[in-house]
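This report looks at aromatic rings, the charges over them and two further residues. Please have the model open while you read.

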Amino acid sequence: MAGLALIAAPATAQTTLGLKGGVGFSTVTIEQEGVEEESVSGFVAGMELGVPVSNALSLRFGGTYAQKGGSGNVEGGKITLGFDYVQLSALARVGTSGNGGVSVGVMAGPWAAYRLSCEVEGTLEGLSVVTPCVDPPFADFEIKTLDFGVAFGGGVEFPVAGSVRLGLDALYSLGLASIDEDDSKTRHLTIQSSFVIPIG
């Protein structure tokens, strides 16, 4: 895809590198009666390569470190899951060209993530425990290593100094894979800013 995009890109368009960081709000859908889901917040940071296809369309190939998870209230206690992921994405962005000014666009595409770590915090009848997911008594969750899904959102970019641009965007990642044996899935809303630097 990247090779085709480079061939199709107009000569005046520039490949860009984006340095991103922000905060994410995530939940884990729990298909279990009596569980009240709650969101947890975490840090996100990464890089993104922008490859122009036309003045309005570009492909954004990204790599991100993302903290995800979720919390659930059950009768007599609460369980909170925390994950650290490395996430790769390939998004198509359609927007205004900017031409030195403000560019507004929307984006969508697939993503895949590899889990680096998993932690469970449980509170039951006044007792609290924090442990890796692989340790008892939470090993029965059988949290899977890989996750994937689709993402969509929008954002704005505007010049701040010379050819460097500042980007602000919101991206919602919808997990399509079951991360455990109970068909639980991840949901993740990211609010982030970025410095976009032309590199070619």
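Is Tyr172 buried, partly exposed or exposed? Tyr172 is partly exposed, because its relative accessible area is 28%, which falls between the 20% and 50% cut-offs. Bear in mind that this is a predicted model.

**Aromatic pairs**

The structure contains 2 aromatic pairs. One joins Phe83 and Tyr85 in an edge-to-face arrangement. Their ring centres are 5.8 Å apart, and the planes make an angle of 65°. Phe83 and Tyr85 are both buried.

Phe152 and Tyr172 make up a tilted pair. Here the centres lie 5.7 Å apart. The planes stand at 55°, so the pair counts as tilted: an edge-to-face label needs over 60 degrees, and a stacked one under 30. This pair links distant parts of the chain. Phe152 belongs to strand 8 (residues 146-161) and Tyr172 to strand 9 (residues 164-175), with the two residues 20 apart. Phe152 has a relative accessibility of 41%, so Phe152 counts as partly exposed.

**A lysine over two rings**

Which residue lies over the face of Trp111? Lys68 does, at 4.2 Å from the ring centre. Lys68 also lies over the face of Tyr85, at 5.3 Å from that ring centre. Tyr85 thus appears again here, as a member of the edge-to-face pair with Phe83.

The ring geometries are listed below.

| Partners | Arrangement | Distance |
|---|---|---|
| Phe83 and Tyr85 | edge-to-face | 5.8 Å centre to centre |
| Phe152 and Tyr172 | tilted | 5.7 Å between centres |
| Lys68 and Tyr85 | over the face | 5.3 Å from the ring centre |
| Lys68 and Trp111 | over the face | 4.2 Å from the ring centre |

**Gln192**

Gln192 sits in strand 10 (residues 185-198). Its relative accessible area is 13%, so Gln192 is buried; the limit for that label is under 20%. What does the side chain of Gln192 make a polar contact with? The partner is the side chain of Asp169, at 3.0 Å. Setting aside neighbours within four places in sequence, Gln192 is in contact with several residues, including Lys20, Gly21, Gly22 and Val44. Gly167, Leu168 and Asp169 are also among its contacts.

**Thr16**

Thr16 is in strand 1 (residues 16-29). With a relative accessible area of 18%, Thr16 is buried. Residues up to four places away in sequence are not counted in what follows. Thr16 touches Glu48, Leu49 and Gly50, among others. Val196, Ile197, Pro198 and Ile199 are also among the residues that Thr16 touches.

Notes:
Residues are numbered from 1 along each chain as its sequence is written. This is a predicted model: local features need pLDDT of at least 70, side-chain atom pairs count only at pLDDT 80 or more; totals for chains, interfaces and linings use all residues. Side-chain values use heavy atoms; hydrogens and water are left out. Rings of Phe, Tyr and Trp (its six-membered ring) pair if their centres lie within 6.5 Å; planes under 30 degrees apart count as stacked, over 60 as edge-to-face and the rest as tilted. Buried means under 20% relative accessible area, exposed over 50%, partly exposed in between (1.4 Å probe, protein chains only). Helices (H or I, at least four residues) and strands (E, at least two) are DSSP runs, numbered from the N terminus. A charge sits over a ring if NZ of Lys or CZ of Arg is within 6 Å of the ring centre and within 35 degrees of the ring normal. A polar contact is a pair of N or O atoms within 3.5 Å; within protein, one must be able to donate a hydrogen and the other to accept it, and residues adjacent in sequence count only if both atoms are side-chain atoms. Contact means heavy atoms within 4.5 Å.
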